[in-house]
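Work through these exercises with the sequence and the model side by side. Try each task before reading its solution.

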Amino acid sequence: PPDLTPKEREEAGGTKVSSLSFLYFAAPVLTLILGKLAAFGIMTHVAAALPGEATLAAHQIILSLFFFISPFLEVISQTAQAFL
């Protein structure tokens, strides 16, 4: 757990963060990143398995547009959440 008592912190080596507490903190973000990698990999695999070159080209165009637009939409999303 991230909230350690002073005694537990002393036993862990002073104020150093233990690997377990860091993993507890980073697990949600790590899971999200791995999920996105798996989803994009599966989508690319399916697009490549379909007959014809047009499907893979369309997939590449849409994925490129998504990656280009995502940072701008993320900023708008964060701004909107700040007003809530």
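**Exercise 1. Read the fold along the sequence: which pattern does the chain follow?**

Solution. This is a predicted model.
- Step 1: count the elements. There are 3 helices and 0 strands.
- Step 2: read them in sequence order. The pattern is α-α-α.

**Exercise 2. State what percentage of the chain is buried, and what supplies its exposed area.**

Solution.
- Step 1: apply the cut-off. Buried means under 20% relative accessible area.
- Step 2: take the share. Of the 84 residues in the chain, 6% are buried.
- Step 3: turn to the surface. The chain exposes about 7300 Å². Carbon and sulfur atoms account for 74% of that area.

**Exercise 3. Find where helix H2 bends, and name the helix its buried residues pack against.**

Solution.
- Step 1: locate H2. The helix covers residues 19-49.
- Step 2: find the bend. H2 turns by about 50 degrees at Ala26. A proline, Pro28, follows within four residues.
- Step 3: list the buried residues. In H2 they are Ser21, Ala26 and Ala47. Ala26 is thus both the site of the bend and a buried residue.
- Step 4: look for the partner. The buried residues of H2 pack against H3.

**Exercise 4. Is His59 buried or exposed, and which residues does it touch?**

Solution.
- Step 1: place the residue. His59 sits in helix H3.
- Step 2: compare with the cut-off. His59 has 15% relative accessibility, so it counts as buried, the limit being under 20%.
- Step 3: list the contacts, leaving out residues up to four places away in sequence. His59 touches Met43, Thr44 and Ala47. Ala47 is itself one of the buried residues of H2.

**Exercise 5. Classify the ring pairs Phe66–Phe67 and Phe68–Phe72.**

Solution.
- Step 1: take the total. The whole structure holds 4 aromatic pairs.
- Step 2: examine Phe66 and Phe67. Their ring centres are 5.7 Å apart and their planes meet at 50 degrees, so this pair is tilted.
- Step 3: check exposure. Phe66 is partly exposed, at 44% relative accessibility. Phe67 is also partly exposed, with a relative accessible area of 44%.
- Step 4: examine Phe68 and Phe72. The centres lie 5.6 Å apart, with 65 degrees between the planes. Planes over 60 degrees apart count as edge-to-face, and this pair is edge-to-face.
- Step 5: look for a cluster. Phe40, Phe66 and Phe67 form one.

**Exercise 6. Explain how Phe68 and Phe72 are spaced in their helix, and which surface patch they belong to.**

Solution.
- Step 1: place the pair. Both lie in helix H3, 4 residues apart, about one turn of the helix. H3 spans residues 53-82.
- Step 2: use the helix rule. An α-helix has 3.6 residues a turn, so residues three or four places apart point the same way.
- Step 3: check exposure against the cut-off of over 50%. Phe68 is exposed, at 55% relative accessibility. Phe72 is exposed too, at 52%.
- Step 4: find the patch. Phe68 and Phe72 belong to a nonpolar surface patch with Ile61, Ile62, Leu65, Ile69, Leu73 and Ile76. Together these residues have about 840 Å² of accessible area.

Methods: Residues are numbered from 1 along each chain as its sequence is written. This is a predicted model: local features need pLDDT of at least 70, side-chain atom pairs count only at pLDDT 80 or more; totals for chains, interfaces and linings use all residues. Side-chain values use heavy atoms; hydrogens and water are left out. Patches are made of residues with over 30% relative accessible area and no salt bridge: like charges are joined within 9 Å, nonpolar side chains (Val, Leu, Ile, Met, Phe, Trp, Tyr) within 5 Å. Accessible areas come from the Shrake-Rupley method with a 1.4 Å probe; for residues, only the protein chains shown count as cover. A salt bridge is a side-chain nitrogen of Lys or Arg within 4 Å of a carboxyl oxygen of Asp or Glu. Helices (H or I, at least four residues) and strands (E, at least two) are DSSP runs, numbered from the N terminus. Buried means under 20% relative accessible area, exposed over 50%, partly exposed in between (1.4 Å probe, protein chains only). Rings of Phe, Tyr and Trp (its six-membered ring) pair if their centres lie within 6.5 Å; planes under 30 degrees apart count as stacked, over 60 as edge-to-face and the rest as tilted. The bend at a residue is the angle between axes fitted to the seven residues ending there and the seven starting there. Contact means heavy atoms within 4.5 Å.
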